[in-house]
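User: I'm new to this one and would like a close look at a single part. Could you pick a spot, start from how open it is to the outside, and then work outwards from there?

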Amino acid sequence: MPYVKLESLQEGMIVTVDVRNLDNMLLIPAGCALTDRQVNILNAWGIAEIQVEACGDSEGLADPVQQLPPETLEPLRRDLEAAFWEPVDTSPVQQEVFNLVLRRRAKQVLEKQPPKP
Amino acid sequence: MSATLNHLVNGIPSLGSYARAMAELEAVLNHPHSTLADLGDVIEKDPDITARLLKLGNSSFFGFPNRLETVAEAVGVIGIQQVQDLILASSVVEVFEGIGADMADMESFWKHSLACGIGARCLAIARQMPKAEKFFVAGLLHDLGRLVLFSRAPEQAVEIFKLYQSRRMLLREAEVAILGFDHAVIAETLMRSWQYPANLVNAVAYHHHPMAAGVYQLESSLVHLADYLVHAMQMGRSGERFVPALNQKAWERVGLATSILESIIRSIDEQIEIVQETFLKAPGKAVHR
């Protein structure tokens, strides 16, 4: 299921994974249709993105990494891995940073591509 | 080793042309009856600081809903500590302006440093640290020692780069191999000679070894994490080609959830341009009231 950033969330989107705060308190249970009030709650807790069901207009919301063809993505991934002094799977936080940075790079590549006719 | 260190840092001015503004500001602050308007009057004497202050105050860095029109307004909402930090940061950029392009891509160097400042500040805010603003300066200055090397020991800096490029190693390892100490030690020595506050000195001195920072572990861990993130984002270059290792204990010491990282990275992306414009480009015409 795609991660969707806070600013792209819309009322009615179906939350697919429980959303919890830093104290593990349940904020929004999986299966819930999102309300504006819940988006405000996410904002208040500093939660940047959550997982929701893919919807019809998912192109702008989908993970940019998934939108890149393998022949573009793999060199990107290899270059990024080579830039890290330690293997990127050394710890969960390193893995998370790697995934976020790869996604950022993939987004930059997509933005440079000419728009589809 | 210490003679070489002292040779490197001796005589580097701490505030350059900003020394007068800082001294006047402190005099007003120490006066028991001074007001925001008095502070505004002192700052407005310096059009450079005035322009930078209003530019930053009206940017996404602070995100205030209403436009700040006067220096007194800006000081009121931004805070006097932030104004002093702005002067400090501008002065450090000025002191090291003369470093040649053959030695380092200075625009890229400052981009990395400023991004680290933004990242450290955002992490400190997320961690609900008191006076989170000071972490901007700590991040900005974390590689100060490299600037000292470029400007005071250019031949040794070239030697370090040659060694570094000859094999797979970190730049700071090459520094230690050639000099016997790294850029963090140089920065620590310089900042102590400038009599900077201990928390700032230690946050910079231990940004590669935050768990050795004693009572300043948290401060140095925040700078360490910001440096790691900015290296991973490949935002600017400090000279180091690798994303250095992340100290897992530093991450645990800071105690944030991994879910916060996305918003920190986004904030760095959103704020870097305006912060670069504020510190690295000549400000526009100052607004006086």
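Analyst: Let's settle on Gln234(B), keeping in mind that this is a predicted model. With a relative accessibility of 29%, Gln234(B) counts as partly exposed, because that value falls between the 20% that bounds buried and the 50% that bounds exposed. To find Gln234(B), go to chain B and look in the loop between helix H14 (217-233) and helix H15 (248-254). The backbone there is worth a glance too: phi of Gln234(B) is near 55°, a positive value in a residue that isn't glycine.

Chain B has another residue to set beside this one. Gln128(B) also has a positive phi, near 55°, and isn't glycine either. Gln128(B) sits in the loop between helix H7 (106-126) and helix H8 (134-140) of chain B. At 72% relative accessibility, though, Gln128(B) counts as exposed.

Back to Gln234(B), which helps line the largest cavity. That cavity holds about 80 Å³ of space, and the structure has five cavities of 30 Å³ or more. Alongside Gln234(B), the lining includes Met235(B), Gly236(B) and Arg237(B), as well as Glu240(B), Arg241(B), Phe242(B) and Val243(B). His112(B), Val230(B) and His231(B) are also part of the lining, and chain A contributes Ala83(A). By type, the lining residues split into five nonpolar, four polar and three charged.

Now look at the second largest cavity, with a volume of about 60 Å³. His231(B) and Glu240(B) turn up in the lining here, and both are in the lining of the largest cavity as well. Others around the second largest cavity include Asp143(B), Arg146(B), Arg172(B), His183(B) and Asp227(B). This lining divides into one nonpolar, four polar and five charged residues.

Since Ala83(A) brought chain A into the picture, let's step out to where the two chains meet. There, 22 residues of chain A are in contact with 28 residues of chain B. The two chains bury about 2200 Å² between them, 60% of it on carbon and sulfur atoms. Of the area that chain A buries against chain B, Trp85(A), Val93(A) and Arg104(A) supply 34%, more than any other three residues. The rule also finds two salt bridges across this interface. In one salt bridge, the side chains of Glu262(B) and Arg103(A) meet at 3.3 Å, N to O.

Notes: Residues numbered from 1 in each chain as written. Chains lettered and ligands numbered in written order. Predicted model: local features only at pLDDT ≥ 70, side-chain atom pairs only at ≥ 80, totals over all residues. Heavy atoms only, no water. 1 Å grid on protein atoms, 1.4 Å probe; cavity = no way out; pocket = protein on both sides within 12 Å on 5 of 7 lines; lining within 4 Å. Points joined across faces, edges and corners; volume = space filled by probe spheres on them. Nonpolar A, V, L, I, M, F, W, Y, C, P; charged D, E, K, R; others polar. Helix = DSSP H or I, 4+ residues; strand = E, 2+ residues; numbered from the N terminus. Buried < 20%, exposed > 50% of the residue type's maximum accessible area, 1.4 Å probe, protein only. Contact = heavy atoms within 4.5 Å. Buried area = accessible area lost by both parts, 1.4 Å probe. Salt bridge = Lys/Arg side-chain N within 4 Å of Asp/Glu carboxyl O.
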